[in-house]
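Let's take a walk through this model together, starting with what holds its interior and ending with the empty spaces inside and along its surface.

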Amino acid sequence: MTTAWVLVLMTVVLGLATAGPVPTSKPTTTWRGCHMGRFQSLSPRELEAFKKAKDALEESLLQNDWSCSSRLFPMTRDLRLLQVWERPVALEAELHLTLKVLRTAADASLGVVLDQPLHTLRHIHSRLRACVPAQPTAGPRPRSRLHHWLHRLQEATKKESQGCLEASVTFNLFRLLTRDLKCVASGDLCV
């Protein structure tokens with residue numbers, strides 16, 4: 001009889017030990033269709049196209065007088081400080097703003113220079129959207145670092161001039177491409 005109880009107890013303990021994780025209240029995603037590994041590093045040709053675009057944007061910014069009331073992308077902002085599931089959300093918002101601002105600049109005068117970078121950014125954005133977990137539409141949102149960053153981006157689009165947005169996006173472009181994108185593409189390995 002004692003042997004039977006030991007076997008039952010061992011079965012229960014082993015069953016609990018191999019059970020899946022306890023559900024949390026954080027958004028989850030199955031990551032099906034999330035193929036970001038290809039973006040851990042961009043090709044030299046893509047980076048060269050972005051360098052030409054950045055140089056052209058900086059040249060056009062020098063011709064205009066602009067003043068920003070805040071730093072849209074502060075140096076202290078680091079995706080590694082976010083939880084792994086929050087990183088694609090932050091990068092998607094950053095990329096969305098970047099695309100919006102660069103499309104406007106392309107319409108204005110830099111279309112030829114920005115064509116290839118915009119194409120690449122749209123491709124990255126489309127892949128990234130598969131990685132962003134669905135956000136709850138109702139209820140209170142926690143005051144997290146992610147919430148603060150998203151709020152900051154949203155407020156900047158309302159307050160800042162187009163010139164200031166262009167400057168912020170331009171000066172952040174290579175950090176987005178080399179550090180932030182690589183971090184999201186690396187998933188759990190980005191520490």
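A nonpolar core, as the term is used here, is a set of buried Ala, Val, Leu, Ile, Met, Phe, Trp, Tyr and Cys residues joined through side-chain atoms within 4.5 Å. Buried means under 20% relative accessible area. Please keep in mind that this is a predicted model.

## Overall layout

The protein chain contains five helices and zero strands. Read along the sequence, the pattern is α-α-α-α-α. Of its 191 residues, 40% count as buried.

Contacts that reach far along the sequence are well represented. Taking contacts between residues at least 6 apart in sequence, 87% join residues at least 24 apart.

## The nonpolar core

The largest nonpolar core has 45 residues, and Met 36, Leu 79, Leu 114 and Leu 121 are those with the most contacts inside it. Four elements give two or more residues each to this core: helix H2 (44-62), helix H3 (87-129), helix H4 (145-159) and helix H5 (162-186). H3 provides the largest share, 17 residues.

Met 36 is a good place to zoom in. Leaving aside neighbours within four places in sequence, Met 36 is in contact with Ile 124, Arg 127, Leu 128, Cys 131, Leu 181 and Ala 185.

## Helix H5

Is H5 mostly enclosed or mostly open? Of its 25 residues, 18 are buried, so H5 is largely enclosed by the rest of the structure.

H5 also has a kink of about 50°, centred on Leu 176. Just after H5 comes Gly 187, which takes a positive phi of about 60°.

## Leu 47 in helix H2

Leu 47 lies in helix H2. With a relative accessible area of 28%, Leu 47 is partly exposed, because that value falls between the 20% limit for buried and the 50% limit for exposed.

Which residues does Leu 47 touch, not counting those up to four places away in sequence? They are Leu 42 and Phe 174. Leu 47 can also be placed relative to Pro 117: the two are 70 residues apart in sequence, yet 8.7 Å apart in space, C-alpha to C-alpha.

## Cavities

How many cavities of 30 Å³ or more does a search of the whole structure find? It finds two. The largest cavity has a volume of about 90 Å³.

The lining of the largest cavity is made up of Leu 72, Phe 73, Pro 74, Arg 77, Leu 79, Ala 90, Glu 94, Trp 149, Leu 150, Arg 152 and Leu 153. Leu 79 is also one of the residues with the most contacts inside the largest nonpolar core. H3 and H4 each supply at least two residues of this lining, and H4 gives the most, with four. By class, the lining has eight nonpolar, no polar and three charged residues.

## The second largest pocket

Turning to the pockets, the second largest holds about 220 Å³ of space. Its lining has 12 residues, and those nearest the centre are Arg 71, Phe 73, Ala 167, Ser 168 and Phe 171. Phe 73 also appears in the lining of the largest cavity.

What is the mix of classes in the lining of the second largest pocket? There are seven nonpolar, three polar and two charged residues.

Methods:
Residues are numbered from 1 along each chain as its sequence is written. This is a predicted model: local features need pLDDT of at least 70, side-chain atom pairs count only at pLDDT 80 or more; totals for chains, interfaces and linings use all residues. Side-chain values use heavy atoms; hydrogens and water are left out. Buried means under 20% relative accessible area, exposed over 50%, partly exposed in between (1.4 Å probe, protein chains only). Contact means heavy atoms within 4.5 Å. On a 1 Å grid over the protein atoms alone, a cavity is a set of points where a 1.4 Å probe fits but cannot get out, and a pocket is an open set with protein on both sides within 12 Å along at least five of seven lines; lining residues have an atom within 4 Å of a point. Grid points are joined across faces, edges and corners, and a volume is the space filled by probe spheres set on the points. Ala, Val, Leu, Ile, Met, Phe, Trp, Tyr, Cys and Pro count as nonpolar, Asp, Glu, Lys and Arg as charged, and the others, Gly among them, as polar. The bend at a residue is the angle between axes fitted to the seven residues ending there and the seven starting there.
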